[in-house]
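Biologist: I'd like to go through this fold with you, starting from the inside. Can you pull it up?

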Amino acid sequence: MNHRSEMFALQSVEGFLDWEELSRLNKIMDGEAAAWEPEIHAAVLPAPALAVDILNQAMTRALPAIQRAMPSIADAASWAYTHLSSGQEIPANLDGIIEDAVAPTRVGRIGVVISEADEGGRFSVEPLSEGVLRAGVRPDDPECAPGTLRPAVGPLPHGNGPAAPPSLVRTRWTCYAGPGVAIAYGARLVPGVSPVRRGVLRSFVGDLVDTPLSSS
């Protein structure tokens with residue numbers, strides 16, 4: 001069951017990945033993603049099995065720290081990889097808030113950088129302000145439980161909704177999280193990554209769910 005307050009939570013986990021794990025993940029993706037480039041902002045590549053094993057082990061270690069802010073979190077799922085090169089970014093986006101009775105339910109997400117850019121590529125989150133909520137709420141969305149607030153604005157770079165009007169008042173919190181530091185954030189926070197100015201940013205992201213998964 002989702003705790004709505006957890007969907008606004010933000011928690012860092014220093015040492016989520018150690019240097020040996022970072023080295024192994026970078027070597028794995030050197031081979032798996034050598035010819036891959038994101039076609040759109042926020043495009044991801046499903047993490048290969050060897051990477052998922054490392055990330056799941058890290059998640060098991062980090063679970064107590066994550067649960068301090070998000071007690072219902074039991075596991076991570078759907079690990080995916082992305083990289084951003086110079087000029088690329090992930091604009092503030094809303095992945096969608098779907099609350100249903102089918103486990104596991106996504107309460108938030110977790111991201112971890114495995115290789116940082118030389119300049120730029122900083123992670124940020126925005127809370128869902130009243131202005132964003134009022135600009136386009138779809139309370140009767142068939143994918144959501146009755147009464148769920150699911151904004152129809154974002155902006156949403158995935159192409160599944162209109163951009164937020166520029167007049168909306170929004171607050172953005174930007175943080176520096178170096179390689180190996182995980183950021184866990186609730187599903188009602190709007191994440192983004194600032195433009196990479198120099199170098200390449202490589203990272204993994206996964207769903208935080210409320211049900212233990214047998215693959216962990």
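Modeller: Here it is, and keep in mind that this is a predicted model. The largest nonpolar core has 36 residues.

Biologist: Which residues have the most contacts inside that core?

Modeller: The core is a set of buried nonpolar residues joined through side-chain atoms within 4.5 Å. Going by contacts inside it, the top names are Phe16, Leu17, Met59 and Phe204.

Biologist: And which element gives the most to this core?

Modeller: There are several suppliers: H1, H2, E3, E4, E8 and E11 each bring at least two residues. The top contributor, with 9 residues, is H2.

Biologist: What does Phe204 touch, leaving aside its neighbours within four places in sequence?

Modeller: Phe204 is one of the residues with the most contacts inside the core. Its partners include Leu25, Met29, Trp79 and Tyr81. The list also takes in Ala47, Ala51, Leu55, Ala80, Ile110, Gly111, Val112 and Ile114.

Biologist: How many residues are in the other core?

Modeller: That one lies apart from the core we've been discussing. Phe123, Val125, Ile183 and Tyr185 are among its members, and its residue count is 9.

Biologist: Back to H2. Where is its kink?

Modeller: H2 covers residues 49-69 and reaches 29 Å from first C-alpha to last, close to the 30 Å expected. Still, there's a bend of about 55 degrees, shortly before the proline Pro64. The kink sits at Ala62.

Biologist: Which strands and helix do the buried residues of H2 pack against?

Modeller: The buried set includes Ala51, Leu55, Met59 and Ala62. Together, the buried residues of H2 pack against helix H1 and strands E1, E3, E4, E8 and E11.

Biologist: Is E4 mostly covered or mostly open, and how many of its residues are buried?

Modeller: Buried here means under 20% relative accessible area. By that cut-off E4 is mostly covered, and the count is 8 of its 10 residues.

Biologist: In what sense does E4 pair with E11 and with E8?

Modeller: With E11 there are 8 bridges, and Gly111 stands opposite Val205. With E8 there are 5 bridges, and Ile110 stands opposite Ala184. Both pairings are antiparallel.

Biologist: Last one: is Ser124 buried or exposed?

Modeller: Ser124 is in strand E6. Beyond its sequence neighbours, Ser124 is in contact with Arg172, Trp173, Thr174, Val190, Pro191 and Gly192. Its relative accessible area is 7%, so Ser124 counts as buried.

Methods:
Residues numbered from 1 in each chain as written. Predicted model: local features only at pLDDT ≥ 70, side-chain atom pairs only at ≥ 80, totals over all residues. Heavy atoms only, no water. Helix = DSSP H or I, 4+ residues; strand = E, 2+ residues; numbered from the N terminus. Buried < 20%, exposed > 50% of the residue type's maximum accessible area, 1.4 Å probe, protein only. Contact = heavy atoms within 4.5 Å. Expected span 1.5 Å × (residues − 1). Bend = angle between axes of the 7 residues up to and from the residue. Pairing = 2+ DSSP bridges.
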